[in-house]
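Student: Could we go through this structure together, with the reasons behind the words people use for it?

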Amino acid sequence: CVDSVVLASRSGRVQQGSEDDLADLLLQYPTAVTCIVGDASCLGSARLVLTQSSEHRHSMGSSLLRGIVHAAGVLADGVLVNQSAEQLRRSHAPKAVGASLLHSASSDGPLKYYIAFASIVGLLGNAGQGSYAAANAWLDAMVGNCRRRRGLTGTSIQWGYVAQVGLTARNALEGHAERLGMGLVARQMAESVLHAACNGDRVSR
């Protein structure tokens, strides 16, 4: 059971195409859900996000931070030999640095779940996405070495191409996935996987 949810993003807005989902969430839980601006890849901002989350929980009569879902990600595609340090940083900072700082900033209390949104690109690679693949591979390793090996809860989900939502929908990648022979993960299945991860169940699909 979740008493309150704090949604943090660098821009303070949801990604294009997700506006209706957020509107439905706020309509169903008008006081339990709050949206704030925060950049997890900056240590001060990561701490501020957790502080604001704590204030919101106390206003809802809850005291414990139950879990973190880190879903940040930025694409900076390009052939590897043409990649600049700035392009590498753009992909690495929000996903890898952000996950690490949220891990450090929340280490003073036990979490029921710490879920990181990684990508199958970190395992299989993808043309022109060397920087993104590296960031996702690092994220997987961080969750395994910094959390699970130390007895802390942690799950890194290597998402494939999920239909209707996320990077797949925003970048019209459905056809690309089909051409790769990977197919699409149904949104309902993705939701069930996330639900299982939040409840500590082993995800084998």
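Tutor: Here are a few questions on helices, packing and burial. This is a predicted model, in which local features need pLDDT of at least 70, side-chain atom pairs count only at pLDDT 80 or more, and totals for chains, interfaces and linings use all residues. Residues are numbered from 1 along each chain as its sequence is written, and side-chain values use heavy atoms, leaving out hydrogens and water.

Student: What makes up the secondary structure of the chain?

Tutor: Eight helices and five strands. Helices are DSSP runs of H or I with at least four residues, strands are runs of E with at least two, and both are numbered from the N terminus. In that direction the order is β-α-β-α-β-α-β-α-α-β-α-α-α.

Student: Why are α3 and α5 called roughly parallel?

Tutor: Two packed helices are described by the angle between their axes and the distance between the axes. Helix α3 (residues 85-105) and helix α5 (residues 130-147) pack at about 15°, with axes 8 Å apart. Axes are lines fitted to C-alpha atoms, for helices over the stretch in contact, and angles run from 0 to 180 degrees between N-to-C directions. Angles under 35 degrees count as roughly parallel, over 145 as roughly antiparallel, 65 to 115 as roughly perpendicular and the rest as oblique. The pair α3 and α5 is therefore roughly parallel.

Student: Why are α2 and α3 called oblique, then?

Tutor: The axes of helix α2 (residues 43-59) and α3 cross at roughly 55° and come within 9 Å. That angle falls in none of the named ranges, so α2 and α3 are oblique to each other. Leu43, Ala46, Arg47 and Leu50 of α2 make the contact with Leu101, Leu102 and Ala105 of α3, where contact means heavy atoms within 4.5 Å.

Student: What classes of residue does the contact of α2 with α3 have?

Tutor: Six nonpolar, no polar and one charged. Ala, Val, Leu, Ile, Met, Phe, Trp, Tyr, Cys and Pro count as nonpolar, Asp, Glu, Lys and Arg as charged, and the others, Gly among them, as polar.

Student: How do you know whether Val143 is buried or exposed?

Tutor: Val143 is found in helix α5, and its relative accessible area is 2%. Buried means under 20%, exposed over 50% and partly exposed in between, with a 1.4 Å probe and protein chains only. Val143 is therefore buried. Beyond neighbours within four places in sequence, Val143 is in contact with residues including Tyr114, Ala116 and Thr155. Of the 205 residues of the chain, 33% count as buried.
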